[in-house]
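I opened this notebook to record what I looked up in the model, beginning with strand pairing and then turning to helices, cysteines, a pocket and two single residues.

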Amino acid sequence: MLFVALCLDKPDHVDLRLSTRAAHLTFLEKHAARVKLGGPLLNGETPIGSMLILDCEDEAAARALLAEDPYAIAGLFASVDLKPWKRVVGAQL
C-alpha cells in the first residue's frame, strides 16, 4: 500500500536538518525498497520539510518506518501528515 508523508520542519531548524542529513540519506538508502520517492519541501532555496512516498504493509508500518528516520529521532519535524495514496498516472513506483 502506498502512503504520502508530508513532514514539516520546526521553524528555524535548518541547521538541525543539515547536521542530520547524512544519516537521513543513509536511512533512505537502507530502506529503498519501501521509500519509493522523496525529497525536501522548499521555501525558495531553504528546505522546510520532506515529502516521501512509502510502500508499506499498512499505516502502522509506515508510521513505524517514519519514526526510525534520523530527522524524526532528532526532533526536526513540527508535524507529520501521513495519507494513503493511489498512483493513477506517472511512473510506476
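**Entry 1, the sheet.** I began with strand S1 (residues 2-9), which pairs with S4 in the antiparallel sense over eight bridges; helices (H or I, at least four residues) and strands (E, at least two) are DSSP runs numbered from the N terminus, and two strands pair if DSSP finds at least two bridges between them. Within this pairing I found that Ala-5 has Leu-82 of S4 as its bridge partner. I note that this is a predicted model, in which local features need pLDDT of at least 70 and side-chain atom pairs count only at pLDDT 80 or more, while totals for chains, interfaces and linings use all residues. Residues are numbered from 1 along each chain as its sequence is written, and side-chain values use heavy atoms, with hydrogens and water left out.

I then looked up the pairing of S2 and S3, which run antiparallel and are joined by eight bridges, with Gly-38 standing opposite Leu-52 in S3. These two strands form a hairpin with two residues between them, and Gly-44 in the turn has a positive phi of about 70°.

Taken together, the four strands make an open sheet in the order S2-S3-S1-S4, with antiparallel pairing. Strand S2 (35-43) and strand S4 (77-85) are at the edges and have a single partner strand each, so one side of each is left without a neighbour in the sheet. Direction ignored, neighbouring strands of this sheet are turned by 15° against each other on average.

**Entry 2, the helices.** Helix H1 (residues 14-30) packs on the sheet and touches S1, S2, strand S3 (46-55) and S4, its direction making about 25° with that of S3. Helix H2 (residues 59-68) also packs on the sheet, touching S1, S2, S3 and S4, and its direction makes about 150° with that of S4. For these angles, axes are lines fitted to C-alpha atoms, for helices over the stretch in contact, and angles run from 0 to 180 degrees between N-to-C directions; contact means heavy atoms within 4.5 Å.

**Entry 3, the cysteines.** How many disulfides are there, taking a disulfide as a pair of cysteine sulfur atoms within 2.5 Å? The count comes to zero. The sulfur of Cys-7 is 12 Å from the closest cysteine sulfur, that of Cys-56, which is too far for a bond. I also checked accessibility, where buried means under 20% relative accessible area, exposed over 50% and partly exposed in between (1.4 Å probe, protein chains only): Cys-7 counts as buried at 2%, and Cys-56 counts as buried at 3%.

**Entry 4, two single residues.** Asp-81 has its place in strand S4 and is partly exposed, with a relative accessible area of 35%. Leaving aside neighbours within four places in sequence, Asp-81 is in contact with Val-4, Ala-5 and Leu-6. The C-alpha atoms of Asp-81 and Ala-5 are separated by 5.6 Å, although the two residues are 76 residues apart along the chain.

Is His-31, in the loop between H1 and S2, buried or exposed? At 13% relative accessibility, His-31 counts as buried, and, not counting residues up to four places away in sequence, His-31 touches Leu-65 and Glu-68.

Conventions: Disulfide = S-S within 2.5 Å.
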